[in-house]
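Please take a slow look at the structure below before you read on. Then we can walk through some of its details together.

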Amino acid sequence: MGLLSEGSPLTWEETKNLADHVRKHGIIQFINLYKRLKERQGDLLKWGDEVEYMLVKFDDEAKTAKLSLRAAEILRTLNEKEQNDPNNIKSLWRPEYGAYMLEGTPGKPYGGLLVHFNVVEANMRYRRQEASKLLGPNEVLMSVTNFPRTGAHDFTDPPTQPTPNSGASRSLFFPDEAIYLGHPRFKTLTRNIRQRRGEKVVINIPIYKDKNVPSPFKEDFGTLANDESSSAAKEDHIYMDAMGFGMGCCCLQLTFQACNIEEARTLYDQLTPLCPIMLALTAASPFYRGYISDVDCRWNVISCSVDCRTEEERGLKPLKENKFRINKSRYDSIDSYLSEQGEKYNDVPLIYDDEIYKQLMDNGIDKLLAQHIAHLFIRDTVSLFSEKVHQNDLENTDHFENIQSTNWQTMRFKPPPPNSSIGWRVEFRPCEVQITDFENAAIVCFIVLLTRVILSYKLNLLIPISKVDKNMARAQKRNAIIAEKFWFRQDITSDVKQQEDDGQAECTEFTINEIINGKDGVFPGLIPLVNSYLASMDIDADTHCTIQAYMKLIQKRASGELLTTASWLRKEVISHPEYKNDSVITQRINYDLLKKIQKIVANEISCPELLGTCISSKTNETIPAAVAKAEKVPI
Ligand code: ADP
Ligand code: MG
Ligand code: MG
Ligand code: MG
Ligand code: MG
């Protein structure tokens, strides 16, 4: 998303009345865009990461750590550089959902040389330092997926109070002041999602039943409680009731440019089975609202946090006002593949409006793409600005983007923006963000390398979509990396055209270790494939060293030799002297945990169980011209 355009949000009633208008023009805009850009060829690999951060304020006397609600202020300064000299900056900064969040990306995308892998971590470090310079005393920028005490008593700086009876969220726990208010988008989305649904969002995440957690675990919400919360909160679960619990989490995303639309469709499909695998491998969010949960990832929380489906759409009431029963929230894993190769694995019934589908087909869009777009367009707009209602459908794509950008799925198929030099792109969205730049760089480089391996070896990783959905559920379970097996394609290297299977027969359950590191005689392993790909390339010594440090980290996480972030976080809390085996994360435990993270990130203490012993890459802020010149062949 570019710099968010300013404007005045319409009320929910006005927005609702314009839902068909947005859909109608969004589809026309897509058709126009498609006709103009479908033959676009020859774009080079470009790619970039997005890292989200939280601002944490420590009080060393009181021993507390709270979310600092100063992102808007910090962002104003960070954006000045971009406004003054947009082409010569090393970083770009964007707002995110939380008033305590920032999103940073490299100043421009990376290109297709191996040597670019050597600047990723340095750029992440630069971003961290750049933003950190603007912080107050005891304020720290942290890349943590979730703040352990979001929504618990007294979790913000300055202090705030939730307003259960007024405002956008109406949460018992999450105050509107914790929403980024520098742009109306976030608060508007919050209000509209709640109003569309007809009630507050409901998030129930199983609590970790340590030995002193009462059975059943049932919270008393005291004076805050009302009927809605009492009936929504499930026993033995951590109950949450606001968009901020999910959209207020941080993640790590990646976007790649493909050479043309076909390659983008292939990458979209081939990366899909990797989403749950990478979610499990990057698991980093076991804590919610001051409690230890029984899951390791944010995914279901965020999915429920923006679930705007009505009771009819969720199948609780017969359809009357609404058109469709819808199985998933608008934030969830994808429902269909886009490439010809993927077609036979589309085994989940797709819901879409037949007329929209037909309109797309009548305009020369093939079945797979038409059903993908039509499926995205079952959703209503949940944020509309008065200035944007009437558009020129030949030039603008805002209505299309309105629906596209609020379908928050594991993968996103991104058409070129109007009037730009940017090509067809694919975004990889499942990963949880890690505490250090080293880990985040490792994940990013691994995924980018995988895309190269997939394309050059013509790998086929496809499995039925229903199996990907099953894997998504498994990936979030506590300690999934060790305890769970995942559906994965066994034969990923045979020539695709020769394979006549129905997909079911071809996939087997593997551990993450087997998928990443290989299983003797059965499965080659993704890292061995990456290594064999790299062996055929000319690669300078520093880049080689950096990539190897990253691949080692991934391998050791997968094998269980190193802990996932989630397992490490659990261990830290459970071994804290103040912890009472009640799954409660007190202010003090939270403070000590975040202080420790800060020290690990600053390299003041080591953390071999999480990072291993070899955490020094050769990352460098600039690419020596001679090295870039010597590397002639793009990856
Ligand atoms: P969004 O929030 O919509 O996903 P952002 O603009 O925040 O998008 O981030 C997109 C990422 O894509 C950034 O890392 C950016 O560097 C990268 N990027 C920019 N231009 C291109 C391009 N032409 N091809 C691939 N990636 C690109
Ligand atoms: Mg972004
Ligand atoms: Mg975004
Ligand atoms: Mg973001
Ligand atoms: Mg993104």
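Glutamate 96 and glutamate 103 are both buried, where buried means under 20% relative accessible area, exposed means over 50% and partly exposed lies in between (1.4 Å probe, protein chains only). Together with Glu52, they coordinate the magnesium ion (ligand 4) through OE atoms, at 2.0 to 2.1 Å. Donors here are N, O and S atoms within 2.8 Å of the metal (3.2 Å for Na, K and Ca), and water is not among the atoms, so sites may look incomplete. Along the chain, the donors of the magnesium ion (ligand 4) follow the spacing E-x43-E-x6-E.

This is a predicted model, in which local features need pLDDT of at least 70 and side-chain atom pairs count only at pLDDT 80 or more, while totals for chains, interfaces and linings use all residues. Residues are numbered from 1 along each chain as its sequence is written, chains are lettered from A and ligands numbered from 1 in the order in which they are written, and side-chain values use heavy atoms, with hydrogens and water left out.

**Metal neighbours**

Which residue coordinates both the magnesium ion (ligand 4) and the magnesium ion (ligand 2)? Glutamate 103 does, and these two ions are 4.2 Å apart. Glutamate 50 plays a like part elsewhere: it coordinates both the magnesium ion (ligand 5) and the magnesium ion (ligand 2), which are 3.9 Å apart.

The magnesium ion (ligand 5) has donors from Glu50 (OE, listed twice), Gln253 (OE1) and Glu427 (OE), at 2.0 to 2.6 Å. Their spacing in sequence is E-x202-Q-x173-E. Distant parts of the chain are linked in this way: glutamate 50 is in strand E1 and glutamate 427 in strand E15 (residues 425-428), 377 residues apart. Helices (H or I, at least four residues) and strands (E, at least two) are DSSP runs, numbered from the N terminus. Glutamate 50 and glutamate 427 are both buried.

**A buried arginine**

Now find arginine 23 in helix H2 (residues 19-37). Is arginine 23 buried or exposed? With a relative accessibility of 13%, arginine 23 counts as buried. Its side chain makes a polar contact with the side chain of aspartate 20 (2.9 Å) and another with the side chain of aspartate 380 (2.8 Å). A polar contact is a pair of N or O atoms within 3.5 Å; within protein, one must be able to donate a hydrogen and the other to accept it, and residues adjacent in sequence count only if both atoms are side-chain atoms. Leaving aside neighbours within four places in sequence, arginine 23 is in contact (heavy atoms within 4.5 Å) with Ile356, Phe377, Ile378, Arg379 and Asp380.

**Backbone surprises**

Most residues other than glycine have a negative phi, and most peptide bonds are trans. The table lists places that depart from this pattern.

| Residue or bond | Feature | Value |
|---|---|---|
| Aspartate 157 and proline 158 | cis peptide bond | omega about 0° |
| Serine 215 and proline 216 | cis peptide bond | omega about -5° |
| Lysine 63 | positive phi | near 60° |
| Asparagine 138 | positive phi | about 70° |

Where do these residues sit? Proline 158 is in the loop between strand E6 (156-157) and helix H5 (185-197), and proline 216 is in the loop between strand E7 (203-206) and helix H6 (227-232). Lysine 63 is in the loop between strand E1 (47-59) and strand E2 (64-68), and lysine 63 is partly exposed at 28% relative accessible area. Asparagine 138 is in the loop between helix H4 (117-132) and strand E5 (139-142); with 34% relative accessibility, asparagine 138 is partly exposed.

**Empty space inside**

How many cavities of 30 Å³ or more does a search of the whole structure find? It finds seven. On a 1 Å grid over the protein atoms alone, a cavity is a set of points where a 1.4 Å probe fits but cannot get out, and lining residues have an atom within 4 Å of a point.

The largest cavity is lined by 15 residues, with Val144, Thr145, Asn146, Ala284 and Leu569 nearest its centre. Helix H20 (565-574) and helix H21 (587-601) are the elements that give two or more residues to this lining.

Conventions:
1 Å grid on protein atoms, 1.4 Å probe; cavity = no way out; pocket = protein on both sides within 12 Å on 5 of 7 lines; lining within 4 Å. Points joined across faces, edges and corners; volume = space filled by probe spheres on them.
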